[in-house]
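Work through the exercises below with the model open beside you. Each one sets a task and then solves it step by step.

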Amino acid sequence: MAEGTESSENTAVGAAPDPYTVLGVSLTASLAEIREAYWRQVRLHLIGTEPGLRLPELREAYESLTDPTRRAAYDAGRDGEPLHPGIPPAPLPEPVPAAEPRRHSRNPLDRLTAGLPRPWRIAIDWIVTIAGAIGIVLAIKAWVVNPYRIPSSSMEPTLHCARPGTGCEAHLSDRVLANRFIYHFRKPRRGEIIVFNTPKARAEAACNASGTFVKRLIGLPGDTVTYQRNMLSINGKILREGYVKPGRAGGTQGTWHVLPGQYFFMGDNRRESCDSRVWGGVPRKNIIGEVFMTYWPPNRISLHTIVPAGSWFGLVLLLPLRRRKRSGVR
């Protein structure tokens with residue numbers, strides 16, 4: 001029993017229990033102390049062997065001491081005078097829930113738009129998401145992989161163009177993928193199918209066309225390329241060309257010396273190809289990337305690059321696809 005509370009004489013049978021004794025507070029206890037004592041007693045009795053047995057008594061004591069009028073009347077009548085009934089008690093205080101810790105977003109955009117209305121934040125989030133997706137696609141096309149369509153018959157039948165183009169064999173033009181970063185790590189190799197930009201003035205003068213071409217790399221810097229009687233030789237050694245089909249040989253004949261820093265290209269369809277035989281070598285800076293795959297139409301899906309032998313991953317790719325023949329000269 002707290003100091004200053006009445007003895008148990010007032011809690012005898014038939015007498016109202018002393019609210020100070022019930023809550024265990026002193027006669028001078030403040031409202032905050034009364035509330036704290038009430039909830040402490042409630043928690044204590046809820047986990048006891050007979051939960052709820054004294055809850056009405058605790059509630060009555062709390063209501064008596066938190067109502068200023070009833071408490072004053074009780075204090076005045078402690079010598080035996082009856083309490084004044086009918087005065088409404090003060091409501092029980094609601095337990096204050098613990099405040100949840102505020103979570104800070106790690107997204108910089110959320111922090112920047114935290115003060116804006118929700119519709120604005122949603123709109124900005126969508127705009128940034130769409131712009132980011134477009135940026136990623138453009139970056140991939142600019143530096144990683146880019147698709148190209150075959151417009152002419154210069155690479156028939158390795159790469160088809162669509163009829164009614166001259167010499168074209170297919171209903172749909174082949175669409176290919178070019179690896180734009182591979183030549184940042186190694187030099188172009190003979191026999192690879194490569195996308196490049198032609199020397200504009202010379203190509204327009206010789207072929208009445210210029211721009212982005214797709215052809216096969218034949219001569220490396222410093223090579224001597226000879227094409228006589230439809231036979232190709234590099235530095236005096238005949239080049240085996242399984243990719244040139246019967247009836248496709250021909251066109252311009254002669255001997256060419258590839259300058260340092262330049263590359264010599266020819267089409268697989270020699271008769272229809274306007275290539276380095278007429279407009280010369282291509283500077284290294286004009287080379288865009290290696291064509292490594294035909295992805296459209298579906299019946300033409302195939303690889304145009306060599307996967308290292310012994311690689312299971314390479315086998316998985318090569319089994320369902322048709323790999324194009326490559327030159328035997330390196």
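**Exercise 1.** Determine the handedness of the link of C161 and C168, and state whether each cysteine is buried or exposed.

Solution. This is a predicted model.
Step 1. The angle about the S-S bond is -105 degrees, and the link of C161 and C168 is left-handed.
Step 2. The two sulfur atoms lie 1.8 Å apart. A disulfide requires cysteine sulfur atoms within 2.5 Å, and C161 and C168 are joined by one.
Step 3. Buried means under 20% relative accessible area. C161 has 0% and is therefore buried; C168 has 10%, so C168 is buried too.

**Exercise 2.** Find which parts of the chain are tied together by C207 and C274, and give the pattern of the disulfides.

Solution.
Step 1. The sulfur atoms of C207 and C274 are 1.2 Å apart and form a disulfide. With -50 degrees about the S-S bond, this link is left-handed.
Step 2. C207 belongs to helix α7 (residues 200–207), while C274 sits in the loop between β9 (262–266) and α8 (276–279), so the bond ties together parts that are 67 residues apart in sequence.
Step 3. The relative accessible area of C207 is 21%, so this cysteine counts as partly exposed.
Step 4. The count comes to 2 disulfides. Numbering the bonded cysteines along the chain gives the pattern 1-2, 3-4.

**Exercise 3.** Identify the helices that each supply at least two residues of the largest nonpolar core, then list the contacts of I34.

Solution.
Step 1. The largest nonpolar core has 14 residues, and those with the most contacts inside it include Y20, L23, I34 and L65.
Step 2. The helices that each supply at least two residues of this core are α1 (19–23), α2 (31–46) and α3 (55–66).
Step 3. Leaving aside residues up to four places away in sequence, I34 touches L23, A29, Y62, L65, T66 and R71.

**Exercise 4.** Name the residues that make the nonpolar surface patch of about 650 Å², and place V144.

Solution.
Step 1. The patch is made by I136, I140, W143, V144, F181 and F185.
Step 2. V144 is found in the loop between α6 (118–143) and β1 (145–149).
Step 3. With a relative accessible area of 33%, V144 is partly exposed.

**Exercise 5.** Locate the partners in the salt bridges of D174 and R300, R186 and E192, and D268 and R216.

Solution.
Step 1. The structure holds 10 salt bridges. In one of them, the closest N and O atoms of D174 and R300 are 2.7 Å apart. D174 lies in the loop between β1 and β2 (175–179) and R300 in the loop between β11 (287–296) and β12 (302–303), so this pair ties together parts that are 126 residues apart in sequence. Both residues, D174 and R300, are buried.
Step 2. R186 and E192 also form a salt bridge, with the closest N and O atoms 2.7 Å apart. R186 is buried at 18% relative accessible area, and E192 is buried at 2%.
Step 3. D268 pairs with R216, again in a salt bridge with the closest N and O atoms 2.7 Å apart. D268 is in the loop between β9 and α8 and R216 in strand β4 (residues 212–219), 52 residues apart. D268 is buried at 0% relative accessible area, as is R216 at 1%.
Step 4. Salt bridges that share partners join R186, E192 and E290 into one network.

Terms used
Residues numbered from 1 in each chain as written. Predicted model: local features only at pLDDT ≥ 70, side-chain atom pairs only at ≥ 80, totals over all residues. Heavy atoms only, no water. Buried < 20%, exposed > 50% of the residue type's maximum accessible area, 1.4 Å probe, protein only. Helix = DSSP H or I, 4+ residues; strand = E, 2+ residues; numbered from the N terminus. Core = buried A, V, L, I, M, F, W, Y, C linked by side-chain atoms within 4.5 Å. Contact = heavy atoms within 4.5 Å. Patch = residues over 30% accessible without salt bridge, like charges linked within 9 Å, V, L, I, M, F, W, Y side chains within 5 Å. Areas by Shrake-Rupley, 256 points an atom, 1.4 Å probe, with all protein chains shown as cover. Salt bridge = Lys/Arg side-chain N within 4 Å of Asp/Glu carboxyl O.
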